[in-house]
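User: Could you take me through the nonpolar interior of this protein, and the aromatic side chains that go with it? I would enjoy one connected walk rather than a list.

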Amino acid sequence: MNQAAIKQIFAEEHVSYSAISKYKMCPRSYRFRYVDRAAPETRASALVFGSSIHESLAHFYGKLRDNEPEPSLEELTKVFSEYFNIELTKPVPVIFGEKESAEGLIETGTEMLRVFLEEAERPHRVVAVESPFSVELIDPETGEVLPPRLVGVFDAVVQDADGRFRILEHKTAGKRWAQSRIENDMQITAYTHVAPLVGYGNADVTIQILLKQKKAAFETYSPTRTDSDRADFIETAVGILRAVEAEAFYPNRDWQCKSCSFAGRCRCGR
Ligand code: SF4
């Protein structure tokens, strides 16, 4: 992983796609996380599980990028389970679902990685893995370059045989994405906005989803995005930055409260 480069872009004044997404989900939790910089009280098992799978897939694409032999299932499982077990030893407690256990999740993850190895495409060329980016954000109304830069990390960048670049984004999910999500997911739009600015031309984004179901499954989505989608993304990002400036940190109580890392702090009425 390109740790030094990632550290550097996150050291500058920035806003990440995750922060934008956090604000959209609940402005109050954004405040706890990014303004108060409060320590999380808990971590959802899904988050730790997803990061562990992510780490394993980064290992897989790293080997392909370096033209090394493709990792076996045992190797991928080792990376996944070691990462997962280390996360469990960290001080912030992991909250498991009713029927979940650490052992069960390791079994599930192993099965998901097996399906991934069986079904995932092998790209023509892997150009970069965990590739950080940092681009200017421009207010569409005023043309003003905003102080925070838009930063993030592409999971993997590949180049197809026709020379076109493509960004791979890895996800774990409990169920298939609905068509409306595929059509409107803002991370995909953000990445198609960023790609030409960092030298990847009109790269498409392929979402690779490992489904954490009774029977593990692997799906990919490669939706297209238009200039109008990208203009909406910028307007959303800039709108959120303006709302943060105005300290609009209202709570949004909904399904996400159940696994919110700041639920105790929130319910204390702060
Ligand atoms: S508990 Fe719900 S309303 Fe409160 S910060 Fe978390 S997500 Fe927002």
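Analyst: Happy to; what follows starts at the main core, moves through its rings and strands, and ends with some contrasting spots elsewhere.

A word first on the source: this is a predicted model. As a backdrop, nonpolar side chains tend to be buried together in soluble globular proteins. Here the largest nonpolar core has 42 residues. Leu137, Leu150, Phe154, Trp177, Tyr200 and Phe233 are the ones with the most contacts inside this core. Both helices and strands contribute: two or more residues come from each of the helices H2 (17–25), H8 (186–197) and H9 (227–245), and from each of the strands E4 (125–135), E5 (149–159), E6 (165–173), E7 (204–211) and E8 (217–221). Helix H9 gives the most, with eight residues. Apart from this core lies another, of 29 residues, and Tyr61, Ala120, Val158 and Ala216 are among them.

Tyr200 is a good place to stop and look around. Setting aside neighbours within four places in sequence, Tyr200 is in contact with Val127, Ala128, Ser131, Phe154, Val157, Phe165 and Ala195. Tyr200 also belongs to a cluster, linked by ring pairs, whose other members are Phe133, Phe154, Phe165 and Tyr191. Trp177, another of the residues with the most contacts in the core, has Arg181 over its face, at 3.8 Å from the ring centre. A second charge of this kind is Lys212, which lies over the face of Phe49 at 5.2 Å from the ring centre.

Now to the strands. E4 is mostly covered, with eight of its eleven residues buried. Its partner E5 runs antiparallel to it, and nine bridges join the two. One of the links is between Val135 and Leu150 of E5, which are bridge partners; Leu150 is also on the list of residues with the most contacts in the core. The loop between E4 and E5 holds Asp139. This residue has a relative accessible area of 7%, so Asp139 counts as buried. Beyond its neighbours within four places in sequence, Asp139 is in contact with Glu144, Leu146, Val238 and Arg242.

Back to the rings: the structure holds 16 aromatic pairs in total. In the pair formed by Tyr30 and Tyr34, the ring centres are 5.0 Å apart and the planes meet at 35 degrees, so this pair is tilted. The two tyrosines are four residues apart in helix H3 (residues 27–35), and therefore about one helical turn separates them. Their exposure can be told apart too: Tyr30 counts as buried because its relative accessibility is 8%, whereas Tyr34, at 21%, counts as partly exposed, the cut-off for buried being under 20%.

Two places elsewhere round off the tour. Helix H4 (residues 45–65) has 21 residues and reaches 30 Å from first C-alpha to last, close to the 30 Å expected at 1.5 Å a residue. After H4 comes Asn67, whose phi is positive, near 55 degrees. The other place is the loop between E7 and E8, where Lys214 is found. With a relative accessible area of 92%, Lys214 is exposed. Between Lys214 and Asp254 there are 26 Å in space, C-alpha to C-alpha, while in sequence they are 40 residues apart.

Conventions: Residues are numbered from 1 along each chain as its sequence is written. This is a predicted model: local features need pLDDT of at least 70, side-chain atom pairs count only at pLDDT 80 or more; totals for chains, interfaces and linings use all residues. Side-chain values use heavy atoms; hydrogens and water are left out. The expected span of a helix is 1.5 Å times one less than its number of residues. A nonpolar core is a set of buried Ala, Val, Leu, Ile, Met, Phe, Trp, Tyr and Cys residues joined through side-chain atoms within 4.5 Å. Buried means under 20% relative accessible area, exposed over 50%, partly exposed in between (1.4 Å probe, protein chains only). Contact means heavy atoms within 4.5 Å. Rings of Phe, Tyr and Trp (its six-membered ring) pair if their centres lie within 6.5 Å; planes under 30 degrees apart count as stacked, over 60 as edge-to-face and the rest as tilted. A charge sits over a ring if NZ of Lys or CZ of Arg is within 6 Å of the ring centre and within 35 degrees of the ring normal. Two strands pair if DSSP finds at least two bridges between them.
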